[in-house]
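Here is a friendly walk through one model, with an eye on how its side chains pack. Have the viewer open as you read.

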Amino acid sequence: MKIWITRHGQTNLNKRKLMQGLTDEPLNETGIEQAKKAREEIGDVVFDAVYSSPLDRAVTTAGIIGNVDKSEVIIDPRLIEVDFGKYEQRHYWLLGPFMTLYWALPEVFPPPKTVESIPSMVKRTSSFLKELEQKDYENVLIACHGGIIRALCGYLEDRKKKIAWRPKPHNCEIRVYESIDGNHRRIR
């Protein structure tokens, strides 16, 4: 199975450099164009299933890149973005030392109160991917978010701590993994 993972396209909150976790912000025009360009770049790939976070920015991205109607996108709450708690919609450069250090080096610094932890992210994404790997798909697309994609990639890269924090995923960047009998490798 090939698992295609993408981050949603740009939103106005992204453009303004505001933390965007559970806020249900739609794609802006740039984000829609990013998704269309990503679709063009993958050519004629047909997905057996298209999964998404429940947030509109991910669902819209999934529909465009997956080349399916939004009503055909399979919504899974385990793919929702990280809960940033009290840091939601705060500017990237005004988060304060605890959140800044955690977001820069979560392997070293604990999450501030109200912010979802790495173990929580790993638990929900591992559950999703283990279930997905039981399906008989050739190609599957997952549209999600910049925070949670790091846990998905950590699982598929067989990272010791199940997190692949760097490099930061860009809007509509697509990462492709192969999963065969529980063995994984990144192919794009």
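## A loop residue, a helix and the core

Phe-109 is partly exposed, because its relative accessible area of 29% falls between the cut-offs of 20% for buried and 50% for exposed. Bear in mind that this is a predicted model. Phe-109 sits in the loop that links α4 and α5. Leaving out residues up to four places away in sequence, Phe-109 touches Leu-101 and Tyr-102. Between Phe-109 and Phe-98, eleven residues apart along the chain, the C-alpha separation is 8.1 Å.

Tyr-102 also belongs to the buried residues of α4, together with Met-99 and Trp-103. These residues lie on the same side of α4, because they cover an arc of only 95° around the axis. Their packing partners are α5 and α6.

Now for the largest nonpolar core, which has 36 residues. Met-99 is among the members that touch the most others, along with Ile-3, Ile-5, Tyr-51, Leu-129, Leu-132 and Ile-142. The elements below each supply at least two residues of this core.

| Element | Residues |
|---|---|
| β1 | 2–7 |
| β2 | 49–52 |
| α4 | 97–104 |
| α5 | 118–132 |
| β4 | 139–144 |
| α6 | 149–156 |

Which residues does Ile-142 contact, leaving aside its neighbours within four places in sequence? The contacts of Ile-142 are Ile-3, Trp-4, Ile-5, Thr-6, Tyr-51, Leu-79, Phe-128, Leu-129, Leu-132 and Leu-152. Apart from the largest core lies another, of 16 residues, including Val-73, Leu-141, Ile-174 and Val-176.

Notes:
Residues numbered from 1 in each chain as written. Predicted model: local features only at pLDDT ≥ 70, side-chain atom pairs only at ≥ 80, totals over all residues. Heavy atoms only, no water. Core = buried A, V, L, I, M, F, W, Y, C linked by side-chain atoms within 4.5 Å. Buried < 20%, exposed > 50% of the residue type's maximum accessible area, 1.4 Å probe, protein only. Helix = DSSP H or I, 4+ residues; strand = E, 2+ residues; numbered from the N terminus. Contact = heavy atoms within 4.5 Å. Arc of directions from axis to C-beta.
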